[in-house]
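Colleague: Please take a close look at the ligand site. Which residues are closest to the ligand, and which helices supply its shell?

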Amino acid sequence: MSTNTSPATKTLTAKRQITTQGNATPVPSNQPIIITIDGPAGTGKSTVARMLAARLGLDFLDTGAMYRAAAVIMLDNEFEKDQIGELVSEVIGADLHFDWSQDPPTILAWDTPIDHRIRSQEVTDLVSYVATLSELRQHMVRKQRIIFAQHPHLVTEGRDQGSVVFPDAAVKFYLDADPEIRAQRRIDQLGIDPTTMSLEDMCARIVERDRIDSTRNDGPLVCPDDAIRVDTSGLAIEEVVDLMAKHTLARVKDLPEHD
Ligand code: DC
């Protein structure tokens with residue numbers, strides 16, 4: 001494991017403890033609310049989404065985990081890249097769902113936890129391809145809308161949450177950061193030995209993933225027009241969460257009351 005922790009990651013990990021211990025400021029529970037967070041890999045999206053959800057008393061959905069689970073299913077079945085129909089049928093049959101008693105919720109396929117498998121390098125290398133498949137995306141979009149119907153107080157993060165899945169979300173965020181900073185965060189997060197992968201190599205991988213994510217036909221990574229754009233490059237994670245919580249609470253005040 002690398003001991004060479006960058007300033008960016010030090011801030012991310014040090015601040016995490018402070019904020020998760022902070023007081024939750026729940027949004028009113030008498031109205032459904034969905035907050036979307038989109039953006040490229042390495043912007044701190046998952047961490048801030050989770051912390052924002054905890055702070056506001058909302059559930060947290062990691063939609064990337066669903067695409068990663070589909071990649072696990074593709075590997076386990078040894079499907080070729082052109083066996084799209086077979087893959088989608090298997091994913092539908094697996095009935096991907098989350099165990100909401102865990103924090104963060106863990107993902108299951110065929111009622112079996114697969115969380116421990118979804119972050120492997122093999123899965124990370126395949127998932128960008130899996131996420132380009134329109135038929136699969138349509139299934140995921142349907143599932144994500146069902147999840148919101150069942151968990152109507154939700155912070156959801158991914159690439160298409162504000163643009164495609166929940167275009168009427170109460171609050172939309174788009175997180176971004178310089179590719180070099182995102183690459184360094186990823187190296188630190190995965191504990192990669194700098195002699196086995198340089199910052200330049202990681203940066204090239206990240207830029208390639210961004211390219212695949214933002215050029216696909218269906219649900220490309222875009223910043224929705226009505227999203228609040230946050231550049232996390234020079235911000236501590238707590239500052240990002242503070243800013244997002246402030247925007248959200250201001251917006252919630254303006255939402256119509258429900259009985
Ligand atoms: O956020 P992540 O690295 O776990 O996402 C894994 C992959 O899934 C990544 O290639 C982007 C893709 N993805 C997507 O296309 N749409 C989403 N809503 C979430 C993730």
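Modeller: Helices (H or I, at least four residues) and strands (E, at least two) are DSSP runs, numbered from the N terminus. This is a predicted model, in which local features need pLDDT of at least 70 and side-chain atom pairs count only at pLDDT 80 or more, while totals for chains, interfaces and linings use all residues. Residues are numbered from 1 along each chain as its sequence is written, and side-chain values use heavy atoms, with hydrogens and water left out.

The ligand is surrounded by 17 residues (a residue counts if one of its heavy atoms lies within 4 Å of the ligand). Arg 68, Arg 137, Asp 160, Arg 209 and Arg 216 are the closest. By class, the shell holds nine charged, five polar and three nonpolar residues (charged: Asp, Glu, Lys and Arg; nonpolar: Ala, Val, Leu, Ile, Met, Phe, Trp, Tyr, Cys and Pro; polar: the others, Gly among them).

Three helices, α3 (63–76), α5 (121–130) and α9 (199–215), supply at least two shell residues each. Four residues come from α3, the largest share. Residues are given to the shell by both domain 1 (33–58 + 153–208 + 217–244) and domain 2 (66–141), so the ligand lies between the two domains; the bounds come from an automatic or database domain assignment.

Several side chains make polar contacts with the ligand (N or O pairs within 3.5 Å). The side chain of Arg 68 has an N or O atom 2.8 Å from a ligand oxygen. For Thr 63, a side-chain N or O atom is 2.9 Å from a ligand nitrogen. Asp 213 also takes part, with a side-chain N or O atom 3.3 Å from an oxygen of the ligand. Of the 450 Å² that the ligand exposes when taken alone, the protein buries 96% (Shrake-Rupley method, 1.4 Å probe).

Two of these helices are also joined by a salt bridge (a side-chain nitrogen of Lys or Arg within 4 Å of a carboxyl oxygen of Asp or Glu). Asp 125 pairs with Arg 205, and their closest N and O atoms are 3.9 Å apart. Asp 125 belongs to α5 and Arg 205 to α9, so that distant parts of the chain, 80 residues apart, are linked. The whole structure contains 14 salt bridges.

After α3, the loop leading to α4 (84–94) contains Glu 78. Although Glu 78 is not a glycine, its phi is positive, about 50°.

Domain 2 spans 66–141, and some backbone details fall in that range. An open sheet has the order β3-β4-β5 with antiparallel pairing (strands pair if DSSP finds at least two bridges between them). Each of β3 (97–99) and β5 (112–113) has a single partner strand, so one side of each has no neighbour in the sheet. The loop between β3 and β4 holds Pro 104, whose peptide bond with Asp 103 is cis, with omega about -5°.

Key
A polar contact is a pair of N or O atoms within 3.5 Å; within protein, one must be able to donate a hydrogen and the other to accept it, and residues adjacent in sequence count only if both atoms are side-chain atoms.
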